[in-house]
Amino acid sequence: MILLGPPGSGKGTQGERLTEDFQLPYYATGDILRAAVREGTELGVEAREYMDRGDLVPDEVIVGVIAERIDDHEAEDGFILDGFPRTIPQAEALDAKMQELGRELTASVLIDVDDGEVVRRLGGRRTCVKNGHVFHVEFDPPKNEGVCDVDGSRLEIREDDKPEVIRHRLEQYREKTEPLISYYEGVGILKRVDGARPPDEVSDRIRALLATLRMEEEL
Ligand SMILES: [Zn+2]
């Protein structure tokens with residue numbers, strides 16, 4: 001399955017929970033790409049050449065790195081993919097590769113969160129300059145404003161959490177990634193989950209969805 005959703009929708013948290021509940025490998029694309037580079041696999045070396053030049057790693061290379069993982073014993077029963085595809089051409093490249101491997105996607109789960117909520121979640125984060133402890137002005141405020149509870153360091157707004165950067169990331173998402181929603185709707189595997197609900201409720205909902213899909217597959 002694929003996890004879709006804007007920045008701040010909690011995909012990472014949900015991905016980790018699903019991995020535990022269903023014993024499926026969780027592939028955050030950035031992580032597995034960095035791992036391939038670190039391990040110096042053939043595709044990792046290729047990816048590194050692009051990165052060293054400051055170029056984007058081409059879709060085929062990323063799909064190749066994902067395919068190495070999907071084709072492995074650990075993903076026999078399935079896998080959870082996060083961070084890819086981000087565009088229609090990437091979705092098409094992934095489909096072609098999956099077909100080649102004789103596999104198919106069961107679901108594309110959209111964790112739906114509106115822009116206002118994303119800004120509220122990401123914009124309220126405060127990060128400790130020294131050790132990276134994270135607080136939130138609304139959901140998890142520090143005891144003293146602007147000061148880390150753990151080590152007394154100053155709290156700052158990380159570059160990624162600044163309003164203009166959040167707005168830019170949201171624009172990118174709406175422009176490039178949101179068309180994937182219609183794409184997977186067309187293929188008939190899109191499942192929507194209300195991401196504005198508390199994380200536990202979101203997990204329960206996704207779990208129920210996947211359990212149903214599994215039962216249908218076994219019938
Ligand atoms: Zn700290």
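This is a walk through the model, stop by stop, with a selection to make at each one.

**Before you start**

You're looking at a predicted model, in which local features need pLDDT of at least 70, side-chain atom pairs count only at pLDDT 80 or more, and totals for chains, interfaces and linings use all residues. Residues are numbered from 1 along each chain as its sequence is written, and side-chain values use heavy atoms, with hydrogens and water left out.

**Stop 1: the zinc ion**

Select the zinc ion, then add Cys128, His133, Cys148 and Asp151. The donor atoms are SG of Cys128, ND1 of His133, SG of Cys148 and, listed twice, OD of Asp151, at 2.1 to 2.6 Å from the metal. (Donors here are N, O and S atoms within 2.8 Å of the metal, or 3.2 Å for Na, K and Ca; water is not among the atoms, so sites may look incomplete.) Along the sequence, the donor residues follow the spacing C-x4-H-x14-C-x2-D.

Now zoom in on two of them. Histidine 133 sits in the loop between strand 5 (125-128) and strand 6 (134-136), while cysteine 148 is in the loop between strand 6 and strand 7 (155-156), so this pair ties together parts that are 15 residues apart in sequence. (Helices are DSSP runs of H or I with at least four residues, strands are runs of E with at least two, and both are numbered from the N terminus.)

Which of the two is buried? Cysteine 148 is, at 3% relative accessibility. Histidine 133 is partly exposed at 25%. (Buried means under 20% relative accessible area, exposed over 50%, and partly exposed in between, with a 1.4 Å probe and protein chains only.)

**Stop 2: a salt-bridge network**

Select Glu117, Arg120, Arg121 and Glu138, which are linked in a network of salt bridges. (A salt bridge is a side-chain nitrogen of Lys or Arg within 4 Å of a carboxyl oxygen of Asp or Glu.) Draw a distance between the side chains of arginine 121 and glutamate 117: the N to O value is 2.9 Å. Both residues belong to helix 6 (residues 115-123), four residues apart, or about one turn of the helix. Arginine 121 and glutamate 117 are both buried.

**Stop 3: two more bridges**

How many salt bridges does the structure hold? There are 20, and here are two more to click on.

- Arginine 34 and aspartate 31 form a salt bridge at 2.9 Å, N to O. They are three residues apart in helix 2 (residues 29-39), about one helical turn. Aspartate 31 is partly exposed, with 45% relative accessible area.
- Aspartate 52 and arginine 48 form a salt bridge at 3.6 Å, N to O. They are four residues apart in helix 3, again about one turn. Aspartate 52 is exposed at 59%, whereas arginine 48 is partly exposed at 45%.

**Stop 4: the negative patch**

Switch on the surface and select Glu42, Glu46, Glu49, Glu60 and Glu68, which form a negative surface patch. (Patches are made of residues with over 30% relative accessible area and no salt bridge; like charges are joined within 9 Å, nonpolar side chains (Val, Leu, Ile, Met, Phe, Trp, Tyr) within 5 Å.) Helix 3 (42-52) and helix 4 (59-70) are the elements giving two or more residues to the patch. Helix 3 supplies the largest share, three residues. One resident of helix 3 is glutamate 42, exposed with a relative accessible area of 73%.

**Stop 5: backbone oddities**

Go to phenylalanine 84 and proline 85: the peptide bond between them is cis, with omega near -5°. Proline 85 is in the loop between strand 3 (80-82) and helix 5.

Then select glutamine 23, which has a positive phi of about 55° although it is not a glycine. Look for glutamine 23 in the loop between helix 1 (11-22) and strand 2 (26-28). Its relative accessible area is 65%, so glutamine 23 counts as exposed.

**Last stop: two distances**

Select the C-alpha atoms of glutamate 92 and tyrosine 183: they are 91 residues apart along the chain and separated by 9.6 Å. Glutamate 92 lies in helix 5 (residues 88-100) and is partly exposed at 44%.

For the other pair, pick threonine 41 and arginine 86, which are 45 residues apart in sequence and 24 Å apart in space, C-alpha to C-alpha. Threonine 41 is in the loop between helix 2 and helix 3, and is partly exposed at 21%.

How values were computed
Areas by Shrake-Rupley, 256 points an atom, 1.4 Å probe, with all protein chains shown as cover. Lys, Arg positive; Asp, Glu negative; His and termini not counted. Charge placed at Lys NZ, Arg CZ, Asp CG, Glu CD.
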